[in-house]
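Colleague: Could you take one part of this structure and go through it closely? Give the cut-offs as you go.

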Amino acid sequence: MSLSSWLRSKFLLFITIPAVIKAFRGWCVANPSEPPQANEGMMVLVVNYELEDMNLEDHAKLGSEVAPNFKPENIDGLIGKTFIGNVDAGVFGGVYYFSSPESIDAYLDSELWKGVVAHPNLINFTTEVYGV
């Protein structure tokens, strides 16, 4: 499958950090009738944006270039991040898994985040925070 074909698929998944899998292991239960146990304090930040004057191939290249910045060892409280996108709707973004609400606040106040939202080809940012 060519890069272009892959990018045009309905849902894009650029990278998943393995730590996310580890974080969610606590949800697995031996008895399906028992409710899963959530990780206390864990939060999810969903970020969406659109592209302006950037094609899908350049966006994929940008994603590959910046992905190393979004490792847990580079962002306090980050458990992992998944890059997401819906080509048909023209919406892209990320799902970030954090250990606490304070770590989300710190990230949204960081130079890394300020650099992301200042990128001239990424526009109309929205953020939503969810408890887990």
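Modeller: What follows sets out the whole chain briefly, then turns to one helix and its surroundings.

The model is predicted, so local features need pLDDT of at least 70 and side-chain atom pairs count only at pLDDT 80 or more, while totals for chains, interfaces and linings use all residues. Numbering starts from 1 along each chain as its sequence is written, and side-chain values use heavy atoms, with hydrogens and water left out.

The chain has five helices and five strands. Both are DSSP runs numbered from the N terminus: helices are H or I with at least four residues, strands are E with at least two. Read from the N terminus, the order is α-β-α-β-α-β-β-α-α-β. Of the 132 residues, 36% are buried. Buried means under 20% relative accessible area, exposed means over 50%, and partly exposed lies in between, using a 1.4 Å probe and protein chains only. Take contacts between residues at least 6 apart in sequence: 68% of these join residues at least 24 apart. A contact here is heavy atoms within 4.5 Å.

Now the part itself, helix H4. It spans residues 101-108, and its buried residues are Ser103, Ile104 and Tyr107. Viewed down the axis of H4, these fall within an arc of 105 degrees, so they line one face of the helix. The arc is taken from the directions between the helix axis and the C-beta atoms. The spacing has a simple background: an α-helix has 3.6 residues a turn, so residues three or four places apart point the same way. Glu102 and Asp105 are exposed on the other side of H4.

What does the buried face of H4 pack against? The partners are strand E2 (43-51), strand E4 (91-98), helix H5 (111-118) and strand E5 (122-131).

Just before the helix comes serine 100, in the loop between E4 and H4. Serine 100 is buried, at 17% relative accessible area. Apart from neighbours within four places in sequence, serine 100 is in contact with Gly41 and Met43.

Tyr107 leads into the aromatic residues. The whole structure holds nine aromatic pairs. Two rings of Phe, Tyr or Trp (its six-membered ring) pair if their centres lie within 6.5 Å; planes under 30 degrees apart are stacked, over 60 edge-to-face, and the rest tilted. Tyrosine 96 and phenylalanine 98 are stacked, with centres 6.1 Å apart and 15 degrees between the planes. Tyrosine 96 counts as buried at 2% relative accessibility. Phenylalanine 98 is buried too, at 0%. Phenylalanine 98 also pairs with tyrosine 107: the centres are 5.8 Å apart and the planes meet at 40 degrees, so this pair is tilted. Both of these residues are buried.

These rings belong to one aromatic cluster, made up of Tyr49, Phe70, Phe83, Phe92, Tyr96, Phe98, Tyr107, Trp113 and Phe125. Lysine 81 sits over two of its members. Lysine 81 lies over the face of phenylalanine 70, 3.7 Å from the ring centre. The charged end of lysine 81 is also over the ring of phenylalanine 83, 3.6 Å from its centre. The test is NZ of Lys or CZ of Arg within 6 Å of the ring centre and within 35 degrees of the ring normal.

Back to the strands that H4 packs against. Asparagine 124 sits in strand E5. Its phi is positive, about 55 degrees, although it is not a glycine. Aspartate 53 also has a positive phi, near 55 degrees. As background, most residues other than glycine have a negative phi. Aspartate 53 lies in the loop between E2 and helix H3 (56-66). Aspartate 53 is exposed, with a relative accessible area of 75%. Its C-alpha is 6.1 Å from that of asparagine 121, though 68 residues separate the two along the chain.

One last site is asparagine 86, in strand E3 (residues 78-86). Asparagine 86 is partly exposed at 22%. A polar atom of its side chain lies 3.1 Å from the backbone nitrogen of aspartate 88. Asparagine 86 and glutamate 50 are 36 residues apart in sequence, and their C-alpha atoms are 10.0 Å apart in space.

Methods. Polar contact = N/O pair within 3.5 Å; in protein donor to acceptor, adjacent residues only side chain to side chain.
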